[in-house]
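Visitor: Please take a close look at one part, the largest pocket, and then place that part within the rest of the chain. Define each term once along the way.

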Amino acid sequence: MLEKMEGIVIKTQDYSESHKIVTLYSNKLGKISALARGAKKPKSRMAAVTQPFILGEFFVYVNSGLSTIQQGDVIDSLRFIREDIIKTAYAAYVVELTDKLTDSRIPNKYLFDQLYQTLCWIGEHNEADIPIMMFELKLFATAGFAPGLDRCVNCGNKESAFSFSIAEGGLICSRCKQIDPESIVLPDKIAKLLNIFANIELERIGTISVKPENKKLLRQLIDAYYDQYGGYFLKSKRFLDQMDKLK
C-alpha cells in the first residue's frame with residue numbers, strides 16, 4: 001500500500017553499492033524503515049532527501065517486510081544543524097534516543113511534532129540543554145518508564161517539599177523520604193520545572209532561563225534515571241559527555 005507521509009530521517013544504513021535503508025520517524029506511522037534505491041548516488045534526488053535530520057515528504061510503499069521509498073521531497077533541510085559540529089552532536093543524540101525508545105509503526109503525532117520542534121531549536125539556538133531534556137522526558141513516557149513528577153509516587157501527596165528518587169521512579173514527599181534515604185532533595189522550583197518539562201510542548205516555551213547549577217542538577221537526575229530504566233547504550237551520548245568534559 002502506498003502511503004504519503006511527512007518523516008524525519010533518524011537513521012540510515014548502507015545497503016549494497018547504491019542503496020540505503022532509511023529509518024524515518026513519521027507523522028502517520030511513527031517509526032518506519034524503508035529501502036531508498038539509489039540514495040548513495042551523489043546526483044540522485046533520493047540522496048538529498050535521505051540525509052540525517054531532514055524533514056521530508058515521502059511516498060512509501062508499505063508492506064509487512066521491508067518497505068520502499070518511492071519518492072521524497074525536502075520540506076526542511078535543517079541545514080544549520082549539519083553546519084555545526086556541536087549542533088550535529090546534539091541532534092544525533094536526539095534521533096538516536098528516538099530510534100532506541102520507540103517501537104516501529106506505532107503512530108504518535110505529538111512525539112513527531114516535538115521531535116521536529118526540538119531539532120529546529122537545536123538548529124536555531126546556541127543552547128539546547130533544556131529543550132533536549134524536555135524531549136527526553138516525553139520519550140521516557142512513550143517508552144513506558146516516565147518518572148512520576150506531579151505528586152509523591154508513594155502516597156500521592158501534592159503539597160510538600162519533594163525529593164527525586166531513582167529507586168521509586170519519581171518524586172517522593174518529605175513524609176515518605178525514609179523509603180529512599182538516597183533520594184535527592186529538590187528545590188521547589190526544580191520539582192515544578194521537571195513536571196512542566198515533561199508535559200508542556202516546546203513551542204509554548206519562550207525564553208528558557210535556568211541557573212547553571214540547577215541545569216546541572218536536572219541533567220544529572222535525567223541521566224541517572226535513564227541509566228536505571230533506559231537500558232540502551234548510546235554512542236551519541238558518550239560523545240556529548242566527552243565534549244562536556246572538554247568545556
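Guide: Residues with under 20% relative accessible area are buried, those over 50% are exposed and those in between are partly exposed (1.4 Å probe, protein chains only). The model is predicted, so local features need pLDDT of at least 70 and side-chain atom pairs count only at pLDDT 80 or more, while totals for chains, interfaces and linings use all residues. Numbering starts from 1 along each chain as its sequence is written, and side-chain values use heavy atoms, with hydrogens and water left out.

The largest pocket has a volume of about 360 Å³. A pocket is an open set of points on a 1 Å grid over the protein atoms alone where a 1.4 Å probe fits, with protein on both sides within 12 Å along at least five of seven lines, and lining residues have an atom within 4 Å of a point. Points are joined across faces, edges and corners, and the volume is the space filled by probe spheres set on them. There are 16 lining residues, and Asp-129, Arg-219, Asp-223, Lys-237 and Asp-244 lie nearest the centre of the pocket. Helix 3 (85–101), helix 5, helix 7 (212–229) and helix 8 (235–246) each give two or more residues to this lining. Helices (H or I, at least four residues) and strands (E, at least two) are DSSP runs, numbered from the N terminus. Helix 7 contributes the most, with six residues. By residue class, the lining has nine charged, six nonpolar and one polar, where Asp, Glu, Lys and Arg are charged, Ala, Val, Leu, Ile, Met, Phe, Trp, Tyr, Cys and Pro are nonpolar, and the others, Gly among them, are polar.

Charged residues of this region also pair with one another. A salt-bridge network links Glu-136, Arg-219, Asp-223, Lys-237 and Asp-241; a salt bridge is a side-chain nitrogen of Lys or Arg within 4 Å of a carboxyl oxygen of Asp or Glu. Within the network, Arg-219 and Asp-223 pair at 2.8 Å, N to O. These two residues lie four apart in helix 7, and so about one helical turn separates them. Lys-237 and Asp-241 form another such pair, at 2.7 Å, N to O. Again the spacing is four residues, here in helix 8, and so about one helical turn. Lys-237 is buried, at 14% relative accessibility, whereas Asp-241 is partly exposed, with 31% relative accessible area.

Glu-136, another member of the network, belongs to helix 5 (residues 129–143). With 1% relative accessibility, Glu-136 is buried. Leaving out residues up to four places away in sequence, Glu-136 touches Tyr-93, Leu-97, Arg-219 and Ile-222, where contact means heavy atoms within 4.5 Å. Arg-219 thus appears among the contacts of Glu-136, in the salt-bridge network and among the residues nearest the centre of the pocket.

The nonpolar side of the structure can be set beside this. In the largest nonpolar core, of 61 residues, Leu-119, Phe-164 and Leu-186 touch the most other members. Such a core is a set of buried Ala, Val, Leu, Ile, Met, Phe, Trp, Tyr and Cys residues joined through side-chain atoms within 4.5 Å. Another core lies apart from it, with 16 residues, including Val-22, Leu-24, Ile-32 and Ala-39. Beyond its neighbours within four places in sequence, Leu-186 contacts Phe-162, Ser-163, Phe-164, Leu-171, Ala-191, Leu-194, Leu-217 and Leu-221.

The structure holds 14 salt bridges. One of them joins Glu-57 and Lys-4, with the closest N and O atoms 3.6 Å apart. Since Glu-57 is in strand 4 and Lys-4 in strand 1, this pair ties together parts 53 residues apart in sequence. Both partners are partly exposed: Glu-57 has a relative accessible area of 26%, and Lys-4 is at 46%.

Strand 4 also contains Gly-56, which is buried at 0% relative accessibility. Beyond four places in sequence, the contacts of Gly-56 are Met-5, Glu-6, Gly-7, Val-49, Asp-73, Val-74 and Ile-75. From Gly-56 to Asp-76 the C-alpha to C-alpha distance is 6.7 Å, across 20 residues of sequence.

Two loop residues complete the account. Phe-53 lies between helix 1 (45–49) and strand 4 (55–61) and has a positive phi near 75 degrees. Phe-53 is buried, at 5% relative accessibility. Ser-16, in the loop between strand 1 (2–15) and strand 2 (19–26), has a positive phi of about 65 degrees. Ser-16 is partly exposed, at 46% relative accessible area.
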